[in-house]
Amino acid sequence: VGLPSNMGGLAHGIVQSITSCPKKYHAALFGNVVVTGGISQIKNFQSRLEQELRSLTPCQYPIHITRLDSPITQSWAGAREWIRSGSSNETKRQTEAHHDKHGMWSVSRDEWEQSKKDPKKRKQFLSRFLSNTGSVLI
């Protein structure tokens, strides 16, 4: 019983996600990992994840992990507000202006998947996201 031996854990998944991005973003992404959900409340979770990431990450990259203040509900509440704010074109324009001003930005899964066919578009998504937030939510 257990996971297959070739299947990595959370730290491996984070490293795989970050290293699939352009190299120029690696330092920013390793330095701004956000954990959320029930698992983030396990005693010593953050320090253990940081140790595991450190062992898998080149030493020139800083590792910084942040846990949300309300890890169970904060992601859901943010998604709810985002959905509520996009009910009309005017609201959508206001929301985009608010997001740009306050450093929040998102891409739908469909947009992200479609950008695989257009490397220029994917680079644009990553560049805008990192310049606005400087972090990645995993």
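This is a short talk on one helix, one histidine and two cysteines in the structure above.

Okay, first the fine print: this is a predicted model, where local features need pLDDT of at least 70, side-chain atom pairs count only at pLDDT 80 or more, and totals for chains, interfaces and linings use all residues. Residues are numbered from 1 along each chain as its sequence is written, and side-chain values use heavy atoms, with hydrogens and water left out.

Let's start with helix H3, residues 45–56. Helices here are DSSP runs of H or I with at least four residues, strands are runs of E with at least two, and both are numbered from the N terminus. H3 has twelve residues, so at 1.5 Å a residue it should span 16 Å, and its end C-alpha atoms are 17 Å apart, which agrees. That expected span is 1.5 Å times one less than the number of residues.

So which residues of H3 are buried? They're Phe-45, Leu-49 and Leu-53. Because these cover an arc of only 60° around the axis, they sit on the same side of H3; the arc is taken from the directions from the helix axis to the C-beta atoms. By buried I mean under 20% relative accessible area, with exposed over 50% and partly exposed in between, using a 1.4 Å probe and protein chains only.

What do those buried residues pack against? Helix H1 (10–19), strand E1 (33–35) and strand E2 (65–67). On the face turned away from the buried side, H3 carries the exposed residues Arg-48, Gln-51 and Ser-55.

Stay with Arg-48 for a second. It forms a salt bridge with Glu-52, with the closest N and O atoms 3.0 Å apart. The cut-off is a side-chain nitrogen of Lys or Arg within 4 Å of a carboxyl oxygen of Asp or Glu. Both partners lie in H3, four residues apart, about one turn of the helix. Arg-48 counts as exposed at 56% relative accessibility, while Glu-52, at 31%, is partly exposed. The structure holds one salt bridge, so that's the one you've just seen.

Now His-26, in helix H2 (residues 26–30). It's buried, at 8% relative accessible area. Its side chain reaches two backbone oxygens: that of Ile-18 at 3.2 Å and that of Cys-21 at 2.9 Å.

Last up, cysteines. Cys-21 is buried at 16%, whereas Cys-59 is exposed at 73%. How many disulfides does the structure hold? Zero, counting a pair of cysteine sulfur atoms within 2.5 Å as a disulfide.

Note on methods:
Contact = heavy atoms within 4.5 Å. Polar contact = N/O pair within 3.5 Å; in protein donor to acceptor, adjacent residues only side chain to side chain.
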